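Biologist: Got a minute to walk me through this one? I'd like to hear how it is put together.

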Amino acid sequence: MNTLRVNLKGRAYDILVGANLLCRSGDLIRRLELGRRIGLVTHPALAETYGYASAVVSSLREAGHDVSVVTIPPGEESKSLDQAAHLCRELVRAGLDRGSAILSLGGGVIGDLAGFVAATLFRGIAFVNLPTTLLAQVDSSVGGKTGVNLPEGKNLVGTFHQPRLVVADVLTLRTLPVREFRSGLAEVVKHAMIADQELFRILEEDADRILERDPPTLQAIIGRNCAIKARVVEADEREAGMRAVLNFGHTVGHAVEAAAGYGTITHGEAVAYGMLVATALSVRRGLCPPADASRLERLLRRFDLVPTACVSPELVEKYIVRDKKMRDGVLQFVLTPGVGSVTLAPISGWMDLREVLHDLQV
Ligand SMILES: NC(=O)c1ccc[n+]([C@@H]2O[C@H](COP(=O)([O-])OP(=O)(O)OC[C@H]3O[C@@H](n4cnc5c(N)ncnc54)[C@H](O)[C@@H]3O)[C@@H](O)[C@H]2O)c1
């Protein structure tokens, strides 16, 4: 098992990454001295089809906890104020109080929703995240961002609420649908691009073992990813500056995902496309060697992440203009000087971005 510490003043916590950790969850949370009553929030399939919830519940009960399980339907639609209200009411009816804790078992949807409820129910109670998707294990479970969507846009209501512990059991990834798994790999490649040349080299070398979901390989890679995200979060917990580097590939990614229509391409494919655009733009500006752009493209192709849906560059541009990071006609863009590093670049002249969008049209 790898243990990583996220060093935040007064809110430091550990991320545990390993195989077969769910059935040890009672033991693993013991030193947090959580209250007796726990609300476990998960999806029906993770409870009934895969048996992950029962592994957690048995272990928690053995450790002396009273556990109530609340299941939430899968899908992004569940990240809503309605579901948050439903969850609050279920947990109150189950007898949770200010000393209780909420555990989330699932991907980013369950983590964001349950984390948001933990942040607000009784003005905030303890939260433990048990991520079961690759995206959640390398990205959404680290950093304390919680929230729900509005019909007007994604993640518009939320707050920061750091977990007391994150337990990433790599064996759960064996049952993850292949598209979800590959989608999570886009964030892994992003972390390597922004901060870790060595990780990029490992991804190139171990691509087969990764795609086979070999547990020791995944454990090493997920641990390395959490360390990268933890370092960024430690430097900028509330996204005042440096945390923006995590948006590499996301400005164009979000735009293309929305322009194609949510669900048409995966978030990972959209981010992959966004990274290709950001890197091509960096090459065009003389910032990044063309060889690094080719390495990125090869790796993304290896992970089958280059999207094929048809979206016009004009439409993508329209969505970029709506980006939250756009202020007074200037877009905060993340460019790369090469594999392993990024730089923040305000973009006001759009000509070269427009040309790159045409060159790399999907
Ligand atoms: N808080 C953050 O910092 C942060 C960062 C990135 C993304 N997010 C959010 O994360 C969400 C996306 O998360 P996601 O990609 O994990 O998707 P998800 O939570 O919707 O999970 C994807 C699907 O996989 C299923 N699933 C989960 N684990 C499984 C397993 N082990 N085996 C089989 N099926 C499994 C789920 O039931 C679901 O149907 C978005 O809402 C996004 O906004 C948050």
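We'll take the sheet, then the domains.

Modeller: Sure, but it's a predicted model, so to speak of local features we need pLDDT of at least 70, side-chain atom pairs count only at pLDDT 80 or more, and totals for chains, interfaces and linings use all residues. Residues are numbered from 1 along each chain as its sequence is written, and side-chain values use heavy atoms, with hydrogens and water left out.

Biologist: OK, what's the strand order in the open sheet?

Modeller: The seven strands run S1-S2-S9-S6-S5-S3-S4, with mixed pairing. Strands are DSSP runs (E, at least two residues; helices are H or I, at least four), numbered from the N terminus, and two strands pair if DSSP finds at least two bridges between them.

Biologist: Why is one side of S1 and of S4 left without a neighbour?

Modeller: Strand S1 (2-6) and strand S4 (66-71) stand at the edges with a single partner strand each, so one side of each has no neighbour in the sheet.

Biologist: And in which sense do S5 and S6 pair?

Modeller: Parallel, over six bridges, with S5 covering residues 101-106 and S6 covering 126-131. Ser104 has Asn129 in S6 as its bridge partner.

Biologist: New topic: which domains does the assignment give?

Modeller: Domain 1 (2-176) and domain 2 (179-226 + 240-359); the bounds come from an automatic or database domain assignment. Their C-alpha centres lie 28 Å apart.

Biologist: How many salt bridges cross the interface?

Modeller: Zero by the rule, which looks for a side-chain nitrogen of Lys or Arg within 4 Å of a carboxyl oxygen of Asp or Glu.
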